[in-house]
Amino acid sequence: MKELIVKIDNKVLYLRQNKKCNNYKFIGRPMIKLSNEAQNRLIQYGIKPSVQRIAIMDYLLSNKTHPTVDEIYLALHPFIPTLSKTTVYNTLSLFVDKGAALCLGIELKNARFDGDISSHGHFLCSDCGDIHDVFDISTEGLMNAVPEGFVLEDIHVYYRGRCKECQARTCSVNN
Ligand SMILES: [Zn+2]
Ligand SMILES: [Zn+2]
């Protein structure tokens, strides 16, 4: 029987592989609990919590960088060897379908994901590629503009430009 000690963002988990189905199960009490927030989010949106799903949601909730499939895979794979890139992709698609996470279409070549499902906009820096959250956006006018008879499901507010850090960098190079 294979046992694993997993550390994800300072949370330590003990997992044991079930021989029959190869799934990992929690054993004993984790030294530091895997975020209840992640597990609760899954349950709240009707998603059956598995270790991999909790780990992926936990990563989304504790990394506000709007990560890509590749980033999540690279971060979690060392701790969960059974995790594949396809699983990460399918899990994120499930989250998005169920409304438990957002998929940002701001960059066409690389979908980015967000665990923050509150109403907020995104600012993409065209230099460093970072996506920053923009809060306090008023969506009231946007909502009122929906043509009559149409049913609104989502509003995405995207900004594109250059972040503070990138501007500071170019300024200091020029000076
Ligand atoms: Zn930047
Ligand atoms: Zn966001």
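Start at Gly 46, the residue to select in this predicted model: Gly 46 follows helix H1 and has a positive phi, near 70°.

**Helix H1**

Next, select residues 36–44, which form H1. Colour Ala 38, Arg 41 and Leu 42; these are the buried residues of the helix. They lie on the same side of H1, because the arc they cover around the axis is only 95°. Now turn the view to the other side of H1, where Asn 36 and Gln 44 are exposed.

**What the buried side meets**

Add residues 51–62 to the selection; this is helix H2, and the buried residues of H1 pack against it.

Look at the two helices together. Their axes are 8 Å apart, and the packing angle is about 110°. H1 is therefore roughly perpendicular to H2, since angles of 65 to 115 degrees count as such. The crossing in which H1 passes H2 is right-handed.

**The contact, residue by residue**

Show side chains on both helices. Which residues of H1 meet H2? From H1, select Glu 37, Ala 38, Gln 39, Arg 41 and Leu 42. Opposite them in H2, select Arg 53, Ile 54, Met 57, Asp 58 and Leu 61. Colouring this contact by class gives 5 nonpolar, 4 charged and 1 polar residues.

To finish, keep Ala 38, Arg 41 and Leu 42 highlighted: they are buried in H1, and they are among the residues of H1 that meet H2.

Methods. Residues are numbered from 1 along each chain as its sequence is written. Chains are lettered from A and ligands numbered from 1 in the order in which they are written. This is a predicted model: local features need pLDDT of at least 70, side-chain atom pairs count only at pLDDT 80 or more; totals for chains, interfaces and linings use all residues. A residue is buried if 20 or more other C-beta atoms lie within 10 Å of its own, exposed if 12 or fewer, and partly exposed in between; C-beta atoms are placed from the backbone. Helices (H or I, at least four residues) and strands (E, at least two) are DSSP runs, numbered from the N terminus. The arc is that of the directions from the helix axis to the C-beta atoms. Two residues are in contact if their C-beta atoms, placed from the backbone, lie within 7 Å. Axes are lines fitted to C-alpha atoms, for helices over the stretch in contact, and angles run from 0 to 180 degrees between N-to-C directions. Angles under 35 degrees count as roughly parallel, over 145 as roughly antiparallel, 65 to 115 as roughly perpendicular and the rest as oblique. A crossing is left-handed if the near helix is turned anticlockwise from the far one by less than a right angle, and right-handed if clockwise. Ala, Val, Leu, Ile, Met, Phe, Trp, Tyr, Cys and Pro count as nonpolar, Asp, Glu, Lys and Arg as charged, and the others, Gly among them, as polar.
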